Each structure stands twice: as structure tokens, then as C-alpha cells.
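Labels such as "buried" or "salt bridge" need grounds. Look at the structure below and put each label to the test.

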Amino acid sequence: MELDAKIPNNVNLSSDPKLQRALEKWQPRFLDWWMDMGPEGFQKDDVYLRTAISVDPAGWAHYDYVKMPDYRWGIFLTPQQSGRVIGFGDNQGQPVWNEVPGEFRTQLRRLIVTQGDTEPASVEQQRRLGKTAPSVFDLRNLFQVNVEEGRHLWAMVYLLHSYFGRDGREEAEELLDRRSGDRDKPRILGAFNEPCDDWLNFYMFTMFTDRDGKYQLLALAESGFDPLARTTKFMLTEEAFHMSVGETGVGRIVDRTAQLMREKKDDDVRKHGAIDLPTIQKYLNFWVSVSSDLFGGEISTNAAQYFAAGLKGRNREESYDDHKLLDSFYSMEVSKEGRLVTEEIPLRNAMNEVLRDDYIEDCQRGVDRWNKALEDAGLSDRLKLPHRRFHRQIGIYSGLHFSPEGVPISEEEWKRKRGEWLPTDEDQAFVRSLMHAVTEPGKMASWIGPPRQGIKGKPLEFEYVRKA
Ligand SMILES: [Fe+2]
Ligand SMILES: [Fe+2]
């Protein structure tokens with residue numbers, strides 16, 4: 001463990017001076033990017049943050065006040081398992097690779113760059129949210145998510161620098177050059193170019209888009225390229241917090257809305273400074289659909305190749321019996337001349353859909369918990385996950401129109417109903433009108449309930465962010 005090194009790490013970086021120098025050259029560029037594109041207006045404040053200091057499940061994090069630019073972004077891989085073999089695909093049973101196999105170099109680099117690009121992208125998307133945080137507690141959580149996305153970028157850049165030579169270093173530079181939402185040099189994936197400029201968006205993003213991240217990381221944690229598997233395994237521990245921010249964030253909005261609906265006997269809680277359930281539903285529809293796109297096309301030769309090569313597996317690959325999938329099929333509803341018909345797709349080509357299935361199930365569990373809160377509040381209203389075909393821009397359902405229930409509809413109907421299903425300009429203006437910073441510790445904005453507990457045993461009134 002080299003915790004006091006310029007770049008904290010558990011990969012014995014000092015034993016590889018060439019790599020160390022390359023990363024130390026990238027470090028100031030990263031910091032420049034963080035100052036330009038990281039949280040705006042809070043870089044000098046003391047934030048009560050957790051910092052990764054090991055990968056030991058019992059005590060991997062340290063909590064203290066840190067100024068964000070001084071955060072100790074480190075490189076942490078879970079320990080190597082001796083005798084680990086590739087768990088799936090054509091190379092199943094072979095020893096895992098500790099170097100990049102030449103024939104898979106391009107594919108592996110693409111996987112790592114695509115994952116790596118999402119990390120700085122989300123920091124960019126969220127950079128102005130601090131100015132309207134609904135509480136000091138939420139402000140701290142935002143910054144925790146942001147610094148950890150920065151660490152995830154470090155994780156991917158470490159792989160690029162260590163295993164991909166000059167083109168890896170070039171890719172690492174480009175990860176700092178692209179910008180979320182920029183017309184000329186956008187981030188790679190669609191959802192990471194969408195604005196995330198209010199806190200309802202932020203919670204939906206951390207609930208649904210970070211959860212796509214979880215499933216991508218779970219699939220990469222199965223990789224036969226061992227350094228990638230070991231890196232992503234540790235990233236998952238941090239990702240869990242991001243999703244809990246999203247789930248509890250939306251949950252607290254739902255709590256507040258339900259409380260007002262009951263107290264005021266009025267569904268229109270907007271006039272009481274809260275967010276009405278139909279608006280929450282529209283934001284949910286939007287973020288579920290753009291996050292579903294991140295899994296890629298339903299039928300994908302890339303996905304088949306990743307699986308065949310042993311680069312990207314399924315979520316918990318060991319829970320399956322067959323790891324080769326040479327004669328298995330996935331029954332998929334595809335659109336043929338405007339009608340949905342079921343087709344049998346070779347399973348390897350349906351890998352994105354298999355991963356999306358697990359994702360949707362996981363999302364549903366979260367929605368169920370929000371609905372439980374509505375039920376407990378004595379309300380009959382429920383939130384619903386939109387169908388996977390709804391509002392898709394990628395894959396076999398893109399270019400077609402479906403209702404949130406997944407029923408095919410005409411373009412005219414889509415245009416007519418769109419504003420009932422997705423946030424309108426007016427909805428967004430309303431949500432934005434609620435966004436004002438609440439800076440007194442322990443106090444909450446009018447549209448969100450309090451969290452059940454503070455951070456690391458601290459009370460809710462704790463000063464999680466101290467102004468400089
Ligand atoms: Fe991340
Ligand atoms: Fe995340």
C-alpha cells in the first residue's frame with residue numbers, strides 16, 4: 001500500500017518508474033480539468049468526505065474534512081486471486097490474462113475508454129448543482145459522488161497507461177478533452193450529454209444512470225482481462241453509494257409529496273412548493289429510457305464478440321450453468337412491418353438484453369420501495385417503470401413509437417401524448433423554480449423530506465460542508 005505517495009495506490013506503482021512518471025504527468029492535467037469542470041463555487045470549502053484507503057471490505061474508507069482539489073484520488077485494485085480462470089466464452093477455463101491479448105486489444109481499449117468517459121462526464125453534468133442543494137447533507141453527498149467519479153476516471157486511466165502504451169496515453173488525454181453536451185467534442189454515450197441541472201434530475205440520474213454503471217461494472221468484473229476485473233470490482237463498492245443517493249433522494253421527494261397530499265387533501269402539491277407525482281413520473285420515464293439505451297442494441301455482434309472473447313461477461317456469471325452459450329437463444333419481441341413478433345436470437349448476440357433484464361429488475365425493486373411509501377401514506381397513486389421499448393434512441397425500438405406500457409403507437413399519437421409522458425419545458429421550469437440552496441445545517445428544502453440518518457453516525461445537523 002502506497003498511501004502517502006503522490007498517487008496513492010495498492011499496485012506498487014513505485015516499482016514501475018516509467019508508468020509512475022506517465023501518471024504523474026497526467027495528474028496536473030486531471031487537476032486542471034477538475035478545477036475547470038468540477039463542482040463550481042465550492043473548491044475551497046471543507047467537505048466531510050470519505051476517501052478510499054484500501055480495498056479491505058471492513059475498512060476501506062477514511063472520513064474527514066477535505067477540500068475537494070486535495071482529495072486523494074488513488075488507484076485501488078482488489079487482490080489478485082491465484083489460479084483465476086476465464087469464466088465464459090470460447091476461452092473459458094484458460095488462465096486469465098494479466099497482459100492485453102493482442103487480438104483483443106482494440107475491443108478492450110474501447111470497453112475501457114467507454115466506461116472511463118462516463119466518469120468525468122457525470123462530474124461535468126453535475127457541476128452547478130451545488131448552488132441549489134436542498135440541504136448541506138445533500139450537498140456533501142453530491143460532492144462525494146463527484147470525487148468518486150473522479151477516482152473512477154483514475155481507475156480507467158491507470159489501465160490505459162499501464163497496458164495500452166502510447167495509444168492508451170492518448171486516450172487518457174482525450175478523456176479530459178471531451179465535454180458533456182459539447183456539440184464538437186461530446187462525451188461518448190447519449191445519457192452523459194443530457195443536462196442534469198436540477199436535483200430531481202440528479203437523483204433520477206444517480207438512481208437509474210449510475211445503476212447502468214453498476215451493471216456495466218458487474219459485467220466487466222467478470223472479464224478475463226484480470227486487471228480490468230480487479231479494478232471494476234472495487235469501483236462497485238463506491239457505485240453502491242451513488243445509487244443509494246439516488247434511491248433515497250427520490251424516496252425523500254416522494255415522502256414529502258405524499259405527506260403534503262395527505263395533509264392538504266390535494267394532489268396538486270405544486271402550490272405547496274413540492275413536486276407532484278405526475279412530474280416525478282415523467283422524470284422517471286425520461287431517465288429510465290435514456291439509461292436503458294446505455295446497454296446498447298438488443299441484438300449486437302459487438303456484445304457477442306465481447307462474450308466470446310471473454311472480455312465482458314454476464315452479471316454474476318457463476319450463477320449460470322452454461323458459460324459458452326453456443327446453442328442457446330433469447331426470445332425477443334422485434335418489430336416487423338409495424339407489428340411485434342417474437343424471434344429467437346442467438347444468446348451471445350443478446351448479451352446486452354440479458355444485462356438489461358437484470359437492470360430492469362433492479363430498478364423495479366427501487367420503484368417498489370417508493371410505492372411502499374405511497375401505500376404506507378394511505379395513497380393509491382403508484383409510480384411505474386416505463387416499458388423497455390418506451391422512448392428509445394438506440395437499438396431495435398429506436399425510430400419507432402411506444403407508450404410507457406410498450407404498446408406500439410403512431411407518430412401522431414406520440415406527438416400528442418409526449419408531454420404527458422416526458423417532462424415538458426413547463427415542468428422543467430417549475431422544478432427549476434424550486435431549486436434554492438438551503439445552507440443551514442439540518443434544514444431541508446420544501447420539496448424533499450429529511451434523510452433517515454446522517455453520514456458515518458453524524459447527526460443530520462452536522463456541518464457536512466464548511467464554507468471557506
Ligand atoms: Fe463511476
Ligand atoms: Fe457512479
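The questions below go through this predicted model label by label.

Q: Why are Glu119, Glu149 and His152 called donors of the iron ion (ligand 1)?
A: Glu119 (OE), Glu149 (OE) and His152 (ND1) lie 2.1 to 2.2 Å from the iron ion (ligand 1). A donor is an N, O or S atom within 2.8 Å of the metal, so the three qualify.

Q: Which spacing do the donors of the iron ion (ligand 1) follow along the chain?
A: The spacing is E-x29-E-x2-H.

Q: What makes Glu119 and Glu149 a tie between parts of the chain?
A: Glu119 sits in helix 2 (residues 105-125), while Glu149 belongs to helix 3 (residues 136-163). The parts they tie together are therefore 30 residues apart in sequence. Both glutamates, Glu119 and Glu149, are buried.

Q: What does Glu149 bridge?
A: Glu149 bridges the iron ion (ligand 1) and the iron ion (ligand 2). These two ions lie 3.4 Å apart.

Q: How do you know that Arg252 and Asp138 form a salt bridge?
A: Their side chains meet at 2.8 Å, N to O. The cut-off is 4 Å between a side-chain nitrogen of Lys or Arg and a carboxyl oxygen of Asp or Glu, so the pair counts. Arg252 is in helix 6 (residues 226-264) and Asp138 in helix 3, 114 residues apart, so the pair links distant parts of the chain. Both Arg252 and Asp138 are buried.

Q: How many salt bridges does a search of the whole structure find?
A: The search finds 45 salt bridges.

Q: Why does the contact of Glu298 with Arg356 count as a salt bridge?
A: The closest N and O atoms are 3.6 Å apart. The limit is 4 Å, so the contact counts. Glu298 lies in the loop between helix 7 (277-293) and helix 8 (301-309), and Arg356 in helix 9 (residues 351-376), so the pair ties together parts that are 58 residues apart in sequence.

Q: What makes Glu353 and Arg356 a salt bridge within helix 9?
A: Their closest N and O atoms are 2.8 Å apart, against a limit of 4 Å. Both residues lie in helix 9, 3 residues apart, about one turn of the helix.

Q: Why is Glu353 called buried or exposed?
A: The relative accessible area of Glu353 is 2%. Buried means under 20%, so Glu353 is buried. Arg356, at 0%, is therefore buried too.

Q: Which residues do salt bridges with shared partners join into one network?
A: The network is made of Asp293, Glu298, Glu353, Arg356, Asp357, Arg388 and Arg392.

Q: How do you know whether Pro101 is buried or exposed?
A: Pro101 has a relative accessible area of 10%. That is under 20%, so Pro101 is buried. Pro101 is found in the loop between strand 2 (61-67) and helix 2. The C-alpha atoms of Pro101 and Phe225 are separated by 8.4 Å, though the two are 124 residues apart along the chain.

Q: Which residues gather in the patch of positive charge on the surface?
A: Lys18, Arg21, Lys25, Arg166 and Arg169 gather there. Helix 1 (17-37) and helix 4 (165-177) each give two or more residues. Helix 1 gives the largest share, 3 residues.

Q: Why is Lys18 called buried or exposed?
A: Lys18, in helix 1, has 63% relative accessibility. Exposed means over 50%, so Lys18 is exposed.

Key
Residues are numbered from 1 along each chain as its sequence is written. Chains are lettered from A and ligands numbered from 1 in the order in which they are written. This is a predicted model: local features need pLDDT of at least 70, side-chain atom pairs count only at pLDDT 80 or more; totals for chains, interfaces and linings use all residues. Side-chain values use heavy atoms; hydrogens and water are left out. Patches are made of residues with over 30% relative accessible area and no salt bridge: like charges are joined within 9 Å, nonpolar side chains (Val, Leu, Ile, Met, Phe, Trp, Tyr) within 5 Å. Accessible areas come from the Shrake-Rupley method with a 1.4 Å probe; for residues, only the protein chains shown count as cover. Lys and Arg count as positive and Asp and Glu as negative; His and the chain ends are not counted. The place of a charge is taken as NZ of Lys, CZ of Arg, CG of Asp or CD of Glu. Helices (H or I, at least four residues) and strands (E, at least two) are DSSP runs, numbered from the N terminus. Buried means under 20% relative accessible area, exposed over 50%, partly exposed in between (1.4 Å probe, protein chains only). Donors are N, O and S atoms within 2.8 Å of the metal (3.2 Å for Na, K and Ca); water is not among the atoms, so sites may look incomplete.
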